[in-house]
Amino acid sequence: MSYLLLKYLHILSATLMFGTGLGTAFYMFVTNRGKQVQSIATVSHWVVKADWWFTTPAVIFQPISGLWMAHLAGWPLHSHWLLVTFALYALAAICWLPVVWLQLRMRDMAHHALQHGEPLPARYWQYERLWTLLGIPAFVGLLVVYWMMVAKPA
């Protein structure tokens, strides 16, 4: 595979990962502010599916394509910008994995509450606060990773 095609796929998957993550986080966050069980059940259902269909493959492809590009371009893996990128990507992944678990639980709680005509349990809102807190360092880390990919500072 040529470097140019790999770079295209790397950028496309980064866009898909970040765009899907930002979009689903926005809709989940805004829908939670409305506190309507039916809306929360619907949005959390689709947020989980979007993360599974779009974000997960991109999360897996990103480090593979990034390392492959570094190899093709001859960039030393111990370059400062690559080490910072690896560390921030790992931080984002460490935050994202529990977010996925939280989303699954939140989706299930919302579905249960909707089916039984109940309000969302207090645990839903505890998970929602943790979900929001974990999202902040993940998104900030990925913004810096984008900058590192563009600038490649020494």
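This is a tour of one protein chain, taken helix by helix and then pair by pair.

**The whole chain**

Begin with the entire chain in a cartoon view, keeping in mind that the model is predicted. The protein chain has 4 helices and 0 strands, and reading along the sequence gives the pattern α-α-α-α. If you turn on C-alpha atoms alone, they fill a box of roughly 60 × 25 × 20 Å along the principal axes.

**Helix α1 and the residue after it**

Select residues 3-34, which make up helix α1. The 32 residues of α1 should span 46 Å at 1.5 Å a residue, and because the end C-alpha atoms are 46 Å apart, the expected and computed spans agree. Then step on to Lys-35, which follows α1 and has a positive phi, near 60°.

**Helices α2 and α3**

Next select residues 37-73 for helix α2 together with residues 80-116 for helix α3, and look at how they pack: the angle is about 160° and the axes are 9 Å apart. The two helices are therefore roughly antiparallel to each other, given that angles over 145 degrees are counted in that way. α2 passes α3 in a left-handed crossing, and the residues of the contact of α2 with α3 divide into 20 nonpolar, 8 polar and 2 charged.

Keep α3 selected on its own for a moment. With 37 residues, α3 reaches 54 Å from its first C-alpha to its last, close to the 54 Å expected at 1.5 Å a residue. The residue that follows α3 is Gly-117, where phi is again positive, in this case near 65°.

**Helix α4 against α3**

Add residues 122-151, which form helix α4. Its 30 residues should span 44 Å at 1.5 Å a residue, and the end C-alpha atoms are 44 Å apart, so the two values agree. Just after α4, Lys-152 takes a positive phi of about 45°.

With α3 still displayed, the axes of α3 and α4 come within 8 Å and cross at roughly 155°, which makes α3 roughly antiparallel to α4. This crossing of α3 and α4 is left-handed, and by class the contact has 25 nonpolar, 3 polar and 3 charged residues.

**Helix α4 against α1**

Now hide α3 and bring back α1. The axes of α1 and α4 come within 11 Å and cross at roughly 150°, so that α1 is roughly antiparallel to α4, and α1 passes α4 in a left-handed crossing. To see the contact itself, show side chains: on the α1 side the residues include His-10, Phe-18, Gly-21, Phe-29 and Arg-33, while on the α4 side they include Tyr-124, Trp-125, Glu-128, Trp-131 and Tyr-146. Taken by class, the contact of α1 with α4 has 15 nonpolar, 5 polar and 2 charged residues.

**Annotated spans**

Finally, colour the spans that an unreviewed UniProt entry records as "transmembrane region", namely residues 6-30, 50-69, 81-102 and 130-149. Two of these can be inspected by their end C-alpha atoms. Over residues 50-69 the chain is 100% helix and 0% strand, with the end C-alpha atoms 27 Å apart. The span of residues 81-102 is likewise 100% helix and 0% strand, and its end C-alpha atoms lie 32 Å apart.

Terms used
Residues are numbered from 1 along each chain as its sequence is written. This is a predicted model: local features need pLDDT of at least 70, side-chain atom pairs count only at pLDDT 80 or more; totals for chains, interfaces and linings use all residues. Side-chain values use heavy atoms; hydrogens and water are left out. The expected span of a helix is 1.5 Å times one less than its number of residues. Axes are lines fitted to C-alpha atoms, for helices over the stretch in contact, and angles run from 0 to 180 degrees between N-to-C directions. Angles under 35 degrees count as roughly parallel, over 145 as roughly antiparallel, 65 to 115 as roughly perpendicular and the rest as oblique. A crossing is left-handed if the near helix is turned anticlockwise from the far one by less than a right angle, and right-handed if clockwise. Ala, Val, Leu, Ile, Met, Phe, Trp, Tyr, Cys and Pro count as nonpolar, Asp, Glu, Lys and Arg as charged, and the others, Gly among them, as polar. UniProt positions are given in the numbering used here, feature names are shortened, and annotations may be inferred rather than shown by experiment. Contact means heavy atoms within 4.5 Å.
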